[in-house]
Amino acid sequence: MLKLHDVTLGYDRHPAVHHIDGEIAEGALLAVVGPNGAGKSTLLKGLMGALKPLGGRIDRGALGRRDIAYLPQAAELDRSFPIEVFDLVAMGLWRRVGLFGGLRRADRERVAEALSAVGLEGFGRRAIGTLSGGQLQRALFARLLLQDAPVILLDEPFAAIDARTVADLLQIVARWHDERRTVIAVLHDMELVRRAFPETLLLARRPVAWGPTAEALKPERLLEARAMPEAFDDRAPLCGVHAA
Ligand SMILES: Nc1ncnc2c1ncn2[C@@H]1O[C@H](COP(=O)(O)OP(=O)(O)OP(=O)(O)O)[C@@H](O)[C@H]1O
């Protein structure tokens, strides 16, 4: 469903991650793991179309931009923005309602149901800036529920979230998987990946392993990934294969 043909992604023409070749099948539940700076977030941005490949090609088949829902890293969100939880979650409906369309009663009910599904009943009128980190993450999952997208990209969805919230949100991920949605999540907790994600892509500026999780996370593979050079060198030469 999502096909990557020798994809290179980066910034200012410098590759951050390259030579990604492979397919993500419809209904896949894929973890993307690797050291800091490995290119995991960059890959998600490429998949959703926010970053154009420097080289290679991403084939999204019949998927349009609106078919791909995206949960950014918590740090990328402006929590000082004066918006209430209800309205944040209702934004998940924009695919159908349109940005300036009014919400009908049925829409309001759907927002309330989504809030209830993530355990946030009664939080609708709270400003997002007053939520705890875990509560905000629940609200963002409620928004994803309403987006109803066939492909869902999650960038570190469980970072700094307590065990109970992780368990609740993982249930939602499992439900999406049962519904044959494609879920791709950047994660750092290897235990959680082994437990809940059948497939893993181990990245270290390039794919080190991609396949069944037990295979991809073998100790020798993890060691290989750890050996990745840490610094992103702005003066590094352009990738040999794709330098134009
Ligand atoms: N907007 C940007 N402009 C320039 N370089 C960037 C930009 N965003 C990321 N990079 C660089 O690209 C490389 C890959 O970054 P990316 O955020 O994809 O890594 P990551 O694997 O998600 O890391 P982490 O686990 O720390 O979140 C890093 O060296 C980073 O400094």
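Which residue with a positive phi follows helix 1? Keep that in mind as you open this predicted model, and let's walk through it one selection at a time.

**Stop 1: helix 1**

Select residues 40–48, which make up helix 1. Just after helix 1 comes Gly49, the answer to the opening question, with a positive phi near 95 degrees. Now look at how the helix is covered: seven of its nine residues are buried. They are Lys40, Ser41, Thr42, Leu43, Leu44, Gly46 and Leu47. Helix 1 lies across strand 1, strand 2 and strand 4, and runs at about 120 degrees to strand 1.

**Stop 2: the three-stranded sheet**

Those strands are your next selection. They form an open sheet of three strands in the order 2-1-4, with antiparallel pairing. At the edges stand strand 2 (14–24) and strand 4 (55–59); each has a single partner strand, so one side of each has no neighbour in the sheet. On average, neighbouring strands here are turned by 30 degrees against each other, direction ignored.

Show strand 1 (residues 2–11) together with strand 2 and you will find seven bridges in the antiparallel sense. To pick out a pair, click Leu4: its bridge partner in strand 2 is Gly22.

**Stop 3: the six-stranded sheet**

Next, bring up the open sheet of six strands, ordered 5-6-7-3-8-9, with mixed pairing. Its edge strands are strand 5 (68–71) and strand 9 (207–212), each pairing on one side only. From one strand to the next, the twist averages 15 degrees.

Start at the strand 5 edge. Are its faces covered or uncovered? Both faces of strand 5 are covered, with Ile68 and Tyr70 buried on one side and Ala69 and Leu71 buried on the other. Strand 5 runs parallel to strand 6 (residues 151–155), and four bridges join the two. Select Leu71 and you will see Leu154 of strand 6 standing opposite.

Now move along to strand 3 (residues 29–33) and strand 8 (residues 199–203), which pair in the parallel sense over four bridges. Two pairs to click are Val32 with its bridge partner Leu201, and Ala31, which stands opposite Thr200. Strand 8 is largely enclosed by the rest of the structure, because four of its five residues are buried.

On to the other edge: strand 8 and strand 9 pair in the antiparallel sense over five bridges. Here Glu199 stands opposite Pro212 in strand 9. The two strands form a hairpin with three residues between them, and Arg205 in the turn has a positive phi of about 70 degrees.

**Stop 4: Pro198**

Select Pro198, in the loop between helix 7 (190–196) and strand 8. Pro198 is partly exposed, with 15 other C-beta atoms within 10 Å. Leaving aside residues up to four places away in sequence, Pro198 touches Leu29, Pro212 and Thr213. Try a distance too: the C-alpha atoms of Pro198 and Pro212 are separated by 5.9 Å, although these residues are 14 apart along the chain.

**Stop 5: the nonpolar core**

Which residues have the most contacts inside the largest nonpolar core? Select Val32, Val89, Ala139, Ala142, Leu153 and Leu203; the core they belong to has 66 residues. Helix 5 gives the most to this core, with eight residues.

Zoom in on Leu203. Not counting residues up to four places away in sequence, Leu203 touches Val17, Val32, Gly34, Ala38, Gly39, Lys40, Leu43 and Val208. Lys40 and Leu43 may look familiar, as both are among the buried residues of helix 1.

**Stop 6: helices 5 and 6**

Show helix 5 (residues 133–147) with helix 6 (residues 163–178): they pack at an angle of about 5 degrees, with their axes 11 Å apart. Helix 5 is therefore roughly parallel to helix 6. To see the contact, select Gly134, Gln137, Arg138 and Phe141 on helix 5 and Thr165, Leu169 and Ile172 on helix 6. Coloured by type, the contact residues divide into three nonpolar, three polar and one charged.

**Last stop: Trp94**

Finish at Trp94 in helix 3 (residues 94–97). Trp94 is partly exposed, with 15 other C-beta atoms within 10 Å. For a parting distance, pick Trp94 and Ala50: their C-alpha atoms are separated by 18 Å, and the two residues are 44 apart along the chain.

Definitions and conventions
Residues are numbered from 1 along each chain as its sequence is written. This is a predicted model: local features need pLDDT of at least 70, side-chain atom pairs count only at pLDDT 80 or more; totals for chains, interfaces and linings use all residues. A residue is buried if 20 or more other C-beta atoms lie within 10 Å of its own, exposed if 12 or fewer, and partly exposed in between; C-beta atoms are placed from the backbone. Two strands pair if DSSP finds at least two bridges between them. Axes are lines fitted to C-alpha atoms, for helices over the stretch in contact, and angles run from 0 to 180 degrees between N-to-C directions. Angles under 35 degrees count as roughly parallel, over 145 as roughly antiparallel, 65 to 115 as roughly perpendicular and the rest as oblique. Two residues are in contact if their C-beta atoms, placed from the backbone, lie within 7 Å. Ala, Val, Leu, Ile, Met, Phe, Trp, Tyr, Cys and Pro count as nonpolar, Asp, Glu, Lys and Arg as charged, and the others, Gly among them, as polar. A nonpolar core is a set of buried Ala, Val, Leu, Ile, Met, Phe, Trp, Tyr and Cys residues joined through C-beta atoms within 7 Å.
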